[in-house]
Amino acid sequence: MPAAREPITQRDVAASLGVSVSAVSLALSGRPGVGEELRRRILDRATELGYRPNASAVALRTSRTRVLGLLIRNLRNPHFLDVIDGFDETCARAGYEVMIGSSRYDPTREAHLLDAFQHRAIDGFAIAPIGTDHQARERFSTYKRPVVLLDTAAPGPSTMSVRSDQETSVDLAVQHLLELGHRHLAMVVAPTDKSPDPERLEHFRRLAAELGFTAATVTTELSADAARTAIRAALEHSPATRPTAFITNSDYIAHTVYLAAADLGLSIPEDISVIGHDDLPTSATLSPALTTIAVDRRSIGEHAATLLIDSLAGRQAEQTNIVVPVELRVRKSTATPAARKNQKTRDART
């Protein structure tokens with residue numbers, strides 16, 4: 001059996017860079033006293049060497065555990081896997097461990113996990129909460145450590161948040177569909193008590209009033225089976241009354257529109273157009289390839305971790321409510337609706 005490897009110490013990191021142990025200590029603890037370039041070199045080298053702080057010693061010395069929490073809603077949605085990756089790598093570079101939990105859209109489970117975070121005295125956490133901003137604020141009001149909300153707007157100036165640009169994502173989707181000739185659009189949303197982004201639906205309805213299109217809502221639990229059933233029910237209406245296009249809040253749910261349409265013998269985009277949100281790697285490989293709103297999912301996790309680490313180090317962030325930009329990726333799941341195509345054909349013949 002090979003001998004156990006001695007743990008890497010701050011002295012080892014310092015020696016490998018030719019800097020003082022005190023500089024390494026300041027950089028790894030996130031305290032001021034070293035320049036940003038040197039801090040980055042030290043963090044990179046510590047990661048390269050496999051340095052891990054002695055958690056017990058750190059906790060005794062600083063009353064901190066150097067553990068950050070990340071609570072997301074659904075591990076089955078690949079969106080969150082990239083968020084986790086960005087969060088975890090950023091934490092590792094700064095010498096923090098990560099505790100991860102999934103609420104599975106269950107408020108009771110979410111409350112249990114938050115209790116577990118507090119019981120383990122983690123230094124702070126980021127959470128993609130269930131429900132509205134107001135509900136989120138009530139749940140976190142007793143937590144005395146830094147908190148970052150993900151994928152939802154901050155409920156107040158004292159709360160940190162990171163989210164994609166929700167209003168722009170709706171603007172881009174609606175504009176694209178209207179330009180194709182759609183006038184009966186549907187948005188797939190979670191139930192009110194579980195919706196993390198109610199501003200999407202509110203903005204969708206404002207646009208309908210301003211631009212004169214028909215706005216339908218498909219309310220469903222955000223699981224694949226539930227969404228497929230709800231969307232299928234919306235598609236069972238006659239061609240004259242059913243939506244001709246669906247806007248979803250994730251590529252994960254957008255895929256269920258494909259399944260529901262296939263259940264009824266409908267084709268995408270000939271009968272139904274679909275727009276997702278996230279631009280997952282698999283979305284371009286769907287048949288037809290999914291038109292979607294692209295967002296840098298990994299950067300959401302990176303921003304969240306940075307906000308927590310800076311807050312714990314006493315560094316003032318330039319922005320505490322970060323909005324990540326989005327862009328439309330047009331592929332093959334959107335097209336001119338069949339009725340509009342048929343009318344154009346008839347007009348061309350007369």
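These exercises work through a predicted model, each with a solution in steps.

Residues are numbered from 1 along each chain as its sequence is written. Because the model is predicted, local features need pLDDT of at least 70, side-chain atom pairs count only at pLDDT 80 or more, totals for chains, interfaces and linings use all residues, and side-chain values use heavy atoms, with hydrogens and water left out.

**Exercise 1. The chain as a whole**

Task: State how many helices and strands the chain has, and what share of its residues count as buried.

Solution:
- Step 1. Take helices (H or I, at least four residues) and strands (E, at least two) as DSSP runs, numbered from the N terminus. The chain has 13 helices and 12 strands.
- Step 2. Fix the burial classes: buried is under 20% relative accessible area, exposed is over 50%, and partly exposed is in between (1.4 Å probe, protein chains only). Of the 350 residues, 50% count as buried.
- Step 3. Turn to contacts, meaning heavy atoms within 4.5 Å. Among those between residues at least 6 apart in sequence, 69% join residues at least 24 apart.

**Exercise 2. Two helices, each with a buried face**

Task: For α10 and α5, check the length, then find where the buried residues point.

Solution:
- Step 1. The expected span is 1.5 Å times one less than the number of residues. Helix α10 (residues 224-235) has 12 residues and should span 16 Å; its end C-alpha atoms are 16 Å apart, which agrees.
- Step 2. In α10, A227, A230, I231, A234 and L235 are buried. Seen down the axis, these residues fall within an arc of 140°, so they line one face of α10. The arc is taken from the directions from the helix axis to the C-beta atoms.
- Step 3. The buried residues of α10 pack against β6 (184-189), β7 (214-219), β8 (245-247) and α11 (251-263).
- Step 4. Helix α5 (residues 78-93) has 16 residues and reaches 23 Å from first C-alpha to last, close to the 22 Å expected.
- Step 5. The buried residues of α5 are H79, F80, V83, I84, G86, F87, T90 and C91. They cover an arc of only 165°, which puts them on the same side of α5.
- Step 6. Their cover includes β1 (67-72), β2 (97-102), β3 (124-127) and α12. After α5 comes G95, with a positive phi near 80°.

**Exercise 3. The nonpolar cores**

Task: Name the residues that touch the most other members of the largest nonpolar core.

Solution:
- Step 1. A nonpolar core is a set of buried Ala, Val, Leu, Ile, Met, Phe, Trp, Tyr and Cys residues joined through side-chain atoms within 4.5 Å.
- Step 2. The largest core has 45 residues; F87, V148, L150, V162, V174 and F204 touch the most other members. Helix α12 (residues 297-312) gives the most to this core, with 7 residues.
- Step 3. Another core lies apart from it, with 24 residues, among them V218, A230, F246 and V257.
- Step 4. Leaving out residues up to four places away in sequence, the contacts of F87 include L68, L70, V98, A126, A304 and L308.

**Exercise 4. Rings**

Task: Count the aromatic pairs and give their geometry.

Solution:
- Step 1. Rings of Phe, Tyr and Trp (its six-membered ring) pair if their centres lie within 6.5 Å; planes under 30 degrees apart are stacked, over 60 edge-to-face, and the rest tilted. The count is 2 aromatic pairs.
- Step 2. F117 and F125 form a tilted pair, 5.6 Å centre to centre with 50° between the planes. Both F117 and F125 are buried.
- Step 3. F204 and F213 also form a tilted pair, at 5.6 Å and 45°. F204 is buried at 0% relative accessibility, and F213 is buried at 5%.

**Exercise 5. Unusual backbone**

Task: Locate the cis peptide bonds at P269 and P288, and the positive phi values of Y105 and D279.

Solution:
- Step 1. I268 and P269 are joined by a cis peptide bond, omega about 5°. P269 is in the loop between α11 and β9.
- Step 2. S287 and P288 are also joined by a cis peptide bond, omega about 0°. P288 lies in the loop between β9 and β10 (291-295).
- Step 3. Y258, in helix α11, touches residues including I268, S287 and P288.
- Step 4. Y105 is not a glycine, yet its phi is positive, about 60°. Y105 is buried, with a relative accessible area of 14%.
- Step 5. D279 has a positive phi near 55° and lies in the loop between β9 and β10. At 13% relative accessibility, D279 counts as buried.
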